[in-house]
Amino acid sequence: GVNIEPDPQLIAGFTEKRPRDVNLNIGIGDSTGILEFFVMNVRTLNTFSSTEARQLEASGKFRIEQVLPIPVRSVNDVLAEHFGRSAPDFISLDVEGLDLQILRSLDFARWRPKVLCVETITYSDRGAGEKIPEIAALLQEQGYFPFADTYVNTIFVDRSVWQRA
């Protein structure tokens, strides 16, 4: 597989636990460049979204520890480099507030995974996160249906693959 982790401290865990995978210390986005990466005191909340980081900090429960310039590559470029001509069977997205932006940029005509697992809820420290309906709508327009939901993540399956099975 290909794992992407922009946090320079967290990528070491991928390298240790998944040594046969390609582990990239970059961000994924809708285009290539350098973005500010907000490292939070709770690392699972790290984000490229300034809005998300500032909202977390405004809650008084979290703080921005660092802002790092991190290289970001487009999802389509990463897929082209590491998967050649065929799409991976499975893509998992969990990018703290940028999932919809990345999905909108994904070239589904060229890269059509059989299954997508996407974080489809906004963060709430009280368990009151709200579903992001635009994600499901976009994927349904692309021919995917929600197969399962864990409350935080939704698993979408390509309807045409499902019907052939």
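How many bridges join strand β8 to strand β9? The legend to Figure 1 gives the count, and every view is taken from a predicted model.

**Figure 1. The hairpin of strands β8 and β9.** Strand β8 (residues 144–149) and strand β9 (residues 153–158) run antiparallel and are joined by 5 bridges. Alanine 148 has isoleucine 155 of β9 as its bridge partner. Between the two strands of the hairpin lie 3 residues. Tyrosine 151, in the turn, has a positive phi of about 85 degrees.

**Figure 2. Strand β7 and its pairing with β6.** The two strands pair in the parallel sense, over 4 bridges. Serine 92 has cysteine 117 of β7 as its bridge partner. Strand β7 spans residues 115–119 and is mostly covered. Of its 5 residues, 4 are buried, meaning under 20% relative accessible area.

**Figure 3. The lining of the largest cavity.** The count of cavities of 30 Å³ or more comes to 1. The space in the largest cavity is about 40 Å³. Its lining consists of Val75, Ile91, Leu93, Ile102, Leu103, Leu106 and Leu116. At least two lining residues come from β6, and at least two from α4 (99–105). By class the lining has 7 nonpolar residues, with no polar and no charged ones.

**Figure 4. The largest pocket, with its central residues.** This pocket holds about 970 Å³ of space. It is lined by 34 residues, and those closest to its centre are Asn3, Ile4, Ser92, Leu93 and Asp94. Four elements, β1 (2–4), β3 (27–29), α3 (75–83) and β6 (90–93), each contribute at least two residues to the lining. The lining divides by class into 20 nonpolar, 7 polar and 7 charged residues. Leu93 appears in the lining of this pocket and also in that of the largest cavity. Ser92, one of the residues closest to the pocket centre, is bridged to cysteine 117 in β7.

**Figure 5. The second largest pocket and the part played by helix α2 in its lining.** About 400 Å³ of space lies in this pocket. Its lining has 16 residues, and Glu52, Ile121, Thr122, Tyr123 and Ser124 are nearest the centre. Helix α2 (residues 50–58) gives the most to the lining, with 3 residues. By class there are 6 nonpolar, 6 polar and 4 charged residues in the lining.

**Figure 6. The chain as a frame for the close-up views, with 6 helices and 9 strands.** The radius of gyration is 16 Å, close to the 15 Å that the globule rule gives for 165 residues, so the chain is as compact as a globular protein of that length. Taken along the principal axes, the C-alpha atoms fill a box of roughly 50 × 35 × 30 Å. Buried residues account for 38% of the 165 in the chain. Among contacts with a separation of 6 or more, 59% are between residues 24 or more positions apart.

Technical notes
Residues numbered from 1 in each chain as written. Predicted model: local features only at pLDDT ≥ 70, side-chain atom pairs only at ≥ 80, totals over all residues. Heavy atoms only, no water. 1 Å grid on protein atoms, 1.4 Å probe; cavity = no way out; pocket = protein on both sides within 12 Å on 5 of 7 lines; lining within 4 Å. Points joined across faces, edges and corners; volume = space filled by probe spheres on them. Nonpolar A, V, L, I, M, F, W, Y, C, P; charged D, E, K, R; others polar. Pairing = 2+ DSSP bridges. Rg over C-alpha atoms; globule rule 2.2 N^0.38 Å. Buried < 20%, exposed > 50% of the residue type's maximum accessible area, 1.4 Å probe, protein only. Contact = heavy atoms within 4.5 Å.
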